[in-house]
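Work through the exercises below with the sequence and the model open. Each task is followed by a solution in steps.

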Amino acid sequence: MTTRTFLACAAAGVAVLAICGAAAAEAGAPDGLIASPEAGWPQWRGPRRDAVSDETGLLEAWPEGGPRLLWTASGLGRGWSSPIITGGRIYITGDVGGDLRLFALDLDGKKKWEAASGKAWDGPSPGARASCAYSAGRVYHMNAHGRIACFDAADGREVWAVDVLDRFAGRPITWGISECVLVDGPRVIVTPGGDKAFMAALDSRTGATVWASKPLDDPKTQRTGYASPILLRLGGRRVLVNLALRGLACVDADKGVLYDVYPKRSKYDASCATPVFYRGGIFYSLPSASGSVLLRLAAGADGVRFEKAWESPMDNLSGGVVPHDGFFYGSGEDRPGWVCIDARTGEQKYVSKDLEQGAVVYGDGRLYCLGEKGHMTLVRPGPQKFDIVSRFNLTDGKQADVWAHPVILDRRLYLRYHDNLYCYDIRRPDAAAAK
Amino acid sequence: MKHGLMALVMVAAAAAPLCGEDWPRFRGPTGQGISHETGVPTEWSATSNIAWKTPIPGEGWSSPVVSGDRVFLTTATDGGRSYRALCLDRAGGAVRWDKEVLRQEPGNKVDPNSYATATPVTDGERLYVLAADGTLAALSMDGEVLWTHREFPYYSQHGLAVSPIVWNDLVIVPFDWSSPGPDKQVGWEKPWEKAVIVACDKGTGKVRWRGKRGLSQIAHVTPQVVTDGGLNVLLTAAGGVIQGFDPATGEQIWTVSTPGEGVVPSIVVGGGMVFQTSGFKQSTIRAVRLGGKGDVTATHVAWEQKKDVPMIPSMLYVEPHLFTITEGGAAVCLKAATGEIVWLHRLRGPFSASPVWAEGRIYFLSERGETTVIQAGPEFKVLATSALGEKCCASPAVSGGRIFIRSDKHLYGIGGAAAAAKEGKPE
């Protein structure tokens, strides 16, 4: 081949590349979590549901007593739901009186509207549970009894509501339904764990059923857990992964085909922490000394299968786990301590008792670990040690029920403890104005 | 890290069922030259134990692959212009189809190379082929071209020799090419940043991701996806680098410096390590422990060995040993854990084909068409020597109790049929 003909081929190649590139944007994306197209922190655990903030310019350490408190919003009732924030609005729920209330606040913490969605949860550990999800001018939420409702984000007007336990023949669970529904474009994903569907997609405009997956084979396994689904692309498919009461299930997000179930139960059937996708595998953890497992996702011609890679002792209750740079970070319940787990091997690099169990999110080179007794800590990640850089007390430390997860957005840290939502300034002073 | 080192490294493809084992890609089901078959022939000649022998038109040093009752092969006729795929009947060797996949410009290459060197890969649904001009194509099992991916305008000082692999729904090809000019030493003698690993959707040929090496040099190394504990890792190498990528996204996880260029032997793994040669200039075998992050040259190179390093034939890992053969015929057995040489014996070369292991035996096929079968172990012992009398550069395939060997003129189906063996020469 002469240089000239080669260059001609190369030029043709570039033209083809440009065409392929456009098509690749829709069909050819690599494997990984599928982010919400909405700005901000529009759903539980952030844009990808991985509890990872992409922001930079955050404080590397806090002053004594914590970062500057900008405001506190009160009157949010009793609840563990975390805020979601998008389009200049904060949406958060709480139980007030006998009702589940949904609040819309502005970014100064002022209430703009509130709405009701059925009954409060007065069973074990009373209080509101699930976070909201925002999509295209609508706010979606499911209450502790399985009532999913869609609200107009502008004024809180209820657009539609469905009782998913009723529709899909599901049953209540001991500690109340806690699933943070996932909005997948024109569909809202719910996990009723019922005789008529393990998982289902509802039309986001009307609440009508779009697809309903098969129930799981074992009726006890297939009842819904307390966790929330994640959406990811794998081998050209879009798949949903969520916990059942006694197993982990993988469902095709477009067709509702149930691909695989991995059975694993915890002592009291409390499957709570949202599963974590990291480099081709799903990590999840169950409390009561039930341990953690990493399942590789194998995509084949006929679907997706789980293959167990390793188990690890950590038994996370509800605070979740964050993957970062080859390690998983989270805390155990009956095997207490903050743990760093090697994603290759499942080996625990350390177990630290420097903080009680709690929730964790990641942002700008730090872990934000909120202990259930209200100890808020900033931790430098790494396999050597649980390296607490700064800490302050959110509560008086008498109650072990600070369970809402921290949220990071626009260099602000949001912490919720029942009636109050606290907003802190965590912008690094020298950080550029633009993110 | 004690436990980390002990993490099982499993070749992803090994999880596939092994019954009636196919040989779906370069170096077989695991990409490691290992067959799990039994009843594999040990001895033959041009006239004995040959089940069938089928003339193959054109020129090509790609190796045969086997899926079910089909054997696939690529070749180039018309001076390299017609890039072709053939399907033969495994039992009798009859050509089921022989189709032109595409027309290609016979570009630059060195003499030992051909215009059909990339071994095809099949997932049982399609056959994926890589032409000498860098075009990747998918064929139906009946030879119908389903898609072609011509995005990459390949040029190399050596011509193309890497083989594609399939992982999940991706076809993965490293393009460790070199500059077509004006300075042709760029990418070849001089490192550059234009090497790219391309992963295409196997159903459509559309690009899913492109992986970047950073600075590297020309190579023809067939990669390997393995499971390293909870993580999948795509192991690849080129001139100057051995690297691990996330096979789902193409993100580079770690890299090790290994000076050299023109690297040909494919990736071999075992015992938590990847073994790789460094090509020309400073020929060295390096063993790199898996599980690194970033540049782990200082921390993860377990050992180096500079004596009798193969440039063309791939190495063979059979726990606890690594077996190698140089082009000139130095057969070496090393301790895989340390790189220490256990034995070294000279066979009659030259050698291009990569060795194959079956039933405790290792098959070294020379360019003279002579196969030396030895026992795989710490003592060197020749079990048999068999000559076909034709030039052989492609690597043997093993499937269904038969060995498939490509010469410059024929594809041979060897052994595996007692009746045929007795008759000596079925037609």
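**Exercise 1.** In which loop of chain A is the place of A:Ser288?

Solution. Step 1: place the residue. A:Ser288 sits in the loop that joins strand E21 (281-286) to strand E22 (291-300) of chain A; helices (H or I, at least four residues) and strands (E, at least two) are DSSP runs, numbered from the N terminus. The model is predicted: local features need pLDDT of at least 70, side-chain atom pairs count only at pLDDT 80 or more, and totals for chains, interfaces and linings use all residues. Residues are numbered from 1 along each chain as its sequence is written, chains are lettered from A and ligands numbered from 1 in the order in which they are written, and side-chain values use heavy atoms, with hydrogens and water left out.

Step 2: check the backbone. A:Ser288 is not a glycine, yet its phi is positive, about 55°. Most residues other than glycine have a negative phi.

Step 3: check the exposure. A:Ser288 has a relative accessible area of 10% and is therefore buried. Buried means under 20% relative accessible area, exposed over 50%, partly exposed in between (1.4 Å probe, protein chains only).

**Exercise 2.** Find the phi of B:Lys281, and decide whether the residue is buried or exposed.

Solution. Step 1: the phi of B:Lys281 is near 85°, a positive value in a residue other than glycine. Step 2: B:Lys281 belongs to the loop between strand E21 (273-277) and strand E22 (285-289) of chain B. Step 3: its relative accessible area is 55%, so B:Lys281 is exposed.

**Exercise 3.** Describe the surroundings of A:Asp195, starting from its loop.

Solution. Step 1: strand E13 (187-190) and strand E14 (200-203) of chain A flank the loop that holds A:Asp195.

Step 2: with a relative accessible area of 41%, A:Asp195 counts as partly exposed.

Step 3: list the contacts (heavy atoms within 4.5 Å). Not counting residues up to four places away in sequence, A:Asp195 touches A:Phe168, A:Ala169, A:Arg171, A:Pro215 and A:Gln222.

Step 4: take one of these partners, A:Gln222, which is 27 residues from A:Asp195 in sequence and 8.6 Å from it in space, C-alpha to C-alpha.

Step 5: look for a side-chain pair. The side chains of A:Asp195 and A:Arg171 make a polar contact (3.4 Å). A polar contact is a pair of N or O atoms within 3.5 Å; within protein, one must be able to donate a hydrogen and the other to accept it, and residues adjacent in sequence count only if both atoms are side-chain atoms.

**Exercise 4.** Which side chain makes a polar contact with that of B:Thr74?

Solution. Step 1: B:Thr74 is part of strand E5 (residues 70-77) of chain B. Step 2: its relative accessibility is 0%, so B:Thr74 counts as buried. Step 3: the polar partner is the side chain of B:Ser62, at 2.6 Å. Step 4: beyond four places in sequence, the contacts of B:Thr74 also include B:Tyr83, B:Ala116, B:Val129 and B:Arg406.

**Exercise 5.** Locate two cis peptide bonds in chain B.

Solution. Step 1: the bond from B:Gly181 to B:Pro182 is cis, with omega near 5°. B:Pro182 lies in the loop between strand E13 (170-175) and strand E14 (196-201) of chain B. Step 2: the bond from B:Gly349 to B:Pro350 is also cis, with omega near -5°. B:Pro350 is in the loop between strand E28 (341-346) and strand E29 (356-358) of chain B. Step 3: for context, most peptide bonds are trans.

**Exercise 6.** Summarise each chain as a whole.

Solution. Step 1: count the elements. Chain A has 2 helices and 34 strands; chain B has 3 helices and 35 strands.

Step 2: apply the globule rule (2.2 Å times the number of residues to the power 0.38, with the radius of gyration taken over C-alpha atoms). Chain B, with 427 residues, has a radius of gyration of 20 Å, close to the 22 Å from the rule, so it is as compact as a globular protein of that length. Chain A, with 435 residues, has 22 Å, which agrees with the value near 22 Å for a compact globule.

Step 3: compare the burial. Of the 435 residues of chain A, 63% are buried; of the 427 residues of chain B, 65% are buried.
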